[in-house]
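Here are a few short exercises to work through with the model open beside you. Try each task before you read its solution.

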Amino acid sequence: MGLSITTFIVVTVIKIVIALIVMLTAIAYSTWLERKVVGHIQNRWGPQRVGPFGLLQPLADGLKFIFKEDLTPPYVYKPLYLAAPILSLVLALTSISLVPIGNWVTIRGVSTPLEITDVNIGLLIILGITSLSVYGVALAGWSSNSKYSLLGGLRASAQMVSYEIALGLSLVGVLIMSGSLNLREIVDMQSGHMWAWIPRWNIFRGQIVAFFVYLAAAFAETNRVPFDLPEAETELVAGYHTEYSSMKFAMFFMAEYANMITVASIATLLFLGGWHGPLFGPTWLQDVLPVFWFVLKVFCFIFLYIWIRGTLPRFRYDQLMAFGWRVLFPIAVANVLVTSFIVALKK
Amino acid sequence: MLQLVLFFVFGIIAVGAAVNLLAQRHPINSALSLIVVMASLATLFLLMGAEFLAAIQVIVYAGAIMVLFVFVIMLLNAGVEDRTPGSRVAMLLGIPAVVLLAGSVAWTLVARNPYPVGVNLTGGFVGSPSAIAELLFRDFLLPFEVTSILILIAIMGAVVLASPAGTTAGTGSPEQPPAKAEE
Amino acid sequence: MVPVAYYLVLSAILFGLGVLGFLVKRNLITLFMSIELMLNAVNLAFVAFAWQWKSLNGQVFVFFVMVVAAAEAAVGLAIIIAVFRTRETLNVDKVNLLKL
């Protein structure tokens with residue numbers, strides 16, 4: 001790499017700290033964004049009293065969660081009850097370490113990529129972390145020792161496991177076109193333009209069906225409307241996090257938004273061209289602009305998430321499972337077949 | 001040096017979790033210990049350069065097969081297991097026999113190895129996905145297709161075996177799933 | 001530099017622990033998990049030998065072992081569910097009659 005080992009460790013620690021701070025702030029402010037946007041969709045204001053435009057609302061929410069009584073019901077299975085929210089949050093925050101947000105930058109002679117680690121199989125590791133996050137939900141539901149939690153936990157984990165397949169398969173089309181699992185290489189293949197002004201993003205190069213399959217599967221993976229039956233209040237009290245209070249519940253909450261941000265980042269990297277966008281201005285601006293384009297695209301994706309949450313009703317559980325297995329999975333397989341056929345013909 | 005330290009750390013975690021699998025009385029704790037074993041084995045695969053296998057171990061084994069185990073343990077909810085006379089006899093005879101077995105296997109693998117080498121990650125031998133895919137789709141294409149048929153048979157078998165008695169899986173009207181009774 | 005022998009000894013230890021679990025434990029599901037432990041130990045030995053002979057055939061075989069383990073786990077757990085449904089117990093010592 002050209003860096004001495006101590007410089008490498010220092011740079012990595014700085015990147016980890018920045019990534020964690022940015023991620024936690026992004027989680028807090030996506031809760032604000034959600035309440036504002038859903039409020040406006042429902043023809044009301046949303047939070048607007050705590051600070052200008054309600055911008056200090058996440059801070060107030062955080063303080064509320066810290067000061068709430070931390071209740072551990074006596075009949076829960078304590079080790080797993082305490083470990084499940086920790087597992088959810090840790091896994092949700094770990095996947096941000098593989099997401100590149102910009103080009104290589106050179107600060108004072110130290111050149112480093114804008115991601116915490118650059119692994120050749122980055123996409124597979126993110127899929128692995130998504131697979132492991134089923135455990136947080138399943139163990140929370142089971143250890144709470146209550147019928148609503150158990151049913152909610154089982155339903156949520158069955159839903160997550162079913163839609164993982166459609167999620168992975170929808171990404172295979174992009175992988176066939178790019179020939180690599182390295183996230184940075186996949187983005188680099190989407191640079192430039194075709195037909196003079198349409199950018200060479202994967203979504204315009206034929207993966208539009210895969211994008212919509214990915215969108216639907218991502219909604220189900222993160223347990224968001226219209227697939228949020230396992231945590232709907234009118235159905236199962238609160239599903240797998242019924243018995244959790246204060247900071248443990250806040251950890252599940254944060255894990256859900258962190259998963260949303262991760263899924264949005266993967267969609268941006270694989271379908272929307274990552275950090276490629278118009279570059280102009282002086283050199284320091286050219287280092288910052290890719291990050292700005294990346295954040296803008298992730299923000300658009302999260303806005304789409306929140307918009308759909310405010311608009312669509314939720315699926316019933318059997319409709320949900322039928323949709324995953326009978327509609328999304330065959331479409332994803334057909335996408336893989338067509339993509340591989342076209343790529344093989346072109347060679 | 002760092003590789004030796006990493007090997008010992010993850011090796012001890014793997015053996016400790018395996019011992020915990022045997023020592024725990026509730027199957028859910030054993031399942032979680034097995035997940036820890038699989039995760040540490042994935043790290044050991046990475047130490048030997050098998051990066052694709054490490055990712056597949058986490059996604060397939062720890063993320064799908066063990067989820068199936070955890071599901072079944074939660075659904076059946078059979079509780080802790082009790083010590084029967086059979087298990088005491090098995091422990092008395094079994095532990096020396098297993099020590100003998102593991103010792104002879106280890107001795108054969110190590111002493112009869114004609115070409116022992118050291119695992120060094122800078123050796124350049126990496127099991128990247130493209131290299132494994134070359135082998136899988138050229139030299140081993142027939143076993144690959146046969147395993148896909150095997151999975152199809154396993155799916156059909158599991159659906160038929162696990163469906164409630166008195167219904168024919170896939171035909172006729174299935175019983176009401178219990179979760180619907182709440183609505 | 002970690003000698004390949006260390007990986008093989010670790011694989012043998014894990015295999016022995018799997019066999020011990022299979023002999024000692026009385027819960028059907030834990031028995032099954034000991035079988036999975038044995039399969040994992042064998043996977044480790046395969047990858048170690050793949051490194052030793054610098055041949056990726058070992059790693060491809062591990063891939064096939066994982067696929068077969070997945071299929072076997074699915075069918076085996078379905079059988080366990082069927083056994084539990086009729087006999088109401090998962091204790092291996094009590095599941096000893098062919099017909100109730």
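**Exercise 1. Find where chain B of this predicted model is given with high and with low confidence.**

Solution. Start with the whole chain: chain B has a mean pLDDT of 84, and 87% of its residues reach 70 or more. Next, go element by element. Helix α2 (residues 27-47) of chain B has the highest confidence, at a mean of 94, while strand β1 (residues 118-119) of chain B has the lowest, at 76. Finally, look at residues 169-183 of chain B, where pLDDT stays under 50 and the model has 10 contacts beyond four places in sequence. Where pLDDT is low, the predicted coordinates should not be read in detail.

**Exercise 2. Work out how chain B is divided and how far apart its domains lie.**

Solution. The assignment gives domain 1 (7-80) and domain 2 (128-163) of chain B. Taking the C-alpha centres of these two domains, you should find them 22 Å apart.

**Exercise 3. Which chains touch, and what does chain B present to chain A?**

Solution. Two pairs of chains are in contact, and chains B and C share the most contacts. Chain A and chain C are joined by no contact; their closest C-alpha atoms lie 14 Å apart. Now turn to chains A and B: 14 residues of chain B are in contact with 18 residues of chain A. On the chain B side, helix α3 (residues 51-76) of chain B supplies the largest share, 11 residues. Sorted by character, the residues on that side are 11 nonpolar, two polar and one charged.

**Exercise 4. Decide how the overall dimensions of chain A compare with the globule rule.**

Solution. Begin with the elements: chain A has 11 helices and four strands. The radius of gyration of chain A is 21 Å and the globule rule gives 20 Å for 347 residues, so chain A is as compact as a globular protein of that length. Along its principal axes, the C-alpha trace of chain A spans about 60 × 50 × 45 Å. Two further values fill in the picture: 43% of the 347 residues count as buried, and residues 24 or more positions apart make up 76% of the contacts with a separation of 6 or more.

**Exercise 5. Is helix α4 of chain A enclosed or open, and how does its span compare with expectation?**

Solution. Helix α4 (residues 122-143) of chain A has 22 residues and reaches 32 Å from its first C-alpha to its last, close to the 32 Å expected at 1.5 Å a residue. For its surroundings, 22 of the 22 residues of α4(A) are buried, so the helix is largely enclosed by the rest of the structure. Just after α4(A), N145(A) has a positive phi of about 60 degrees.

Note on methods
Residues are numbered from 1 along each chain as its sequence is written. Chains are lettered from A and ligands numbered from 1 in the order in which they are written. This is a predicted model: local features need pLDDT of at least 70, side-chain atom pairs count only at pLDDT 80 or more; totals for chains, interfaces and linings use all residues. Helices (H or I, at least four residues) and strands (E, at least two) are DSSP runs, numbered from the N terminus. The radius of gyration is taken over C-alpha atoms; the globule rule is 2.2 Å times the number of residues to the power 0.38. A residue is buried if 20 or more other C-beta atoms lie within 10 Å of its own, exposed if 12 or fewer, and partly exposed in between; C-beta atoms are placed from the backbone. Two residues are in contact if their C-beta atoms, placed from the backbone, lie within 7 Å. Ala, Val, Leu, Ile, Met, Phe, Trp, Tyr, Cys and Pro count as nonpolar, Asp, Glu, Lys and Arg as charged, and the others, Gly among them, as polar. Domain bounds come from an automatic or database domain assignment. The expected span of a helix is 1.5 Å times one less than its number of residues. pLDDT is the predictor's confidence in each residue, from 0 to 100.
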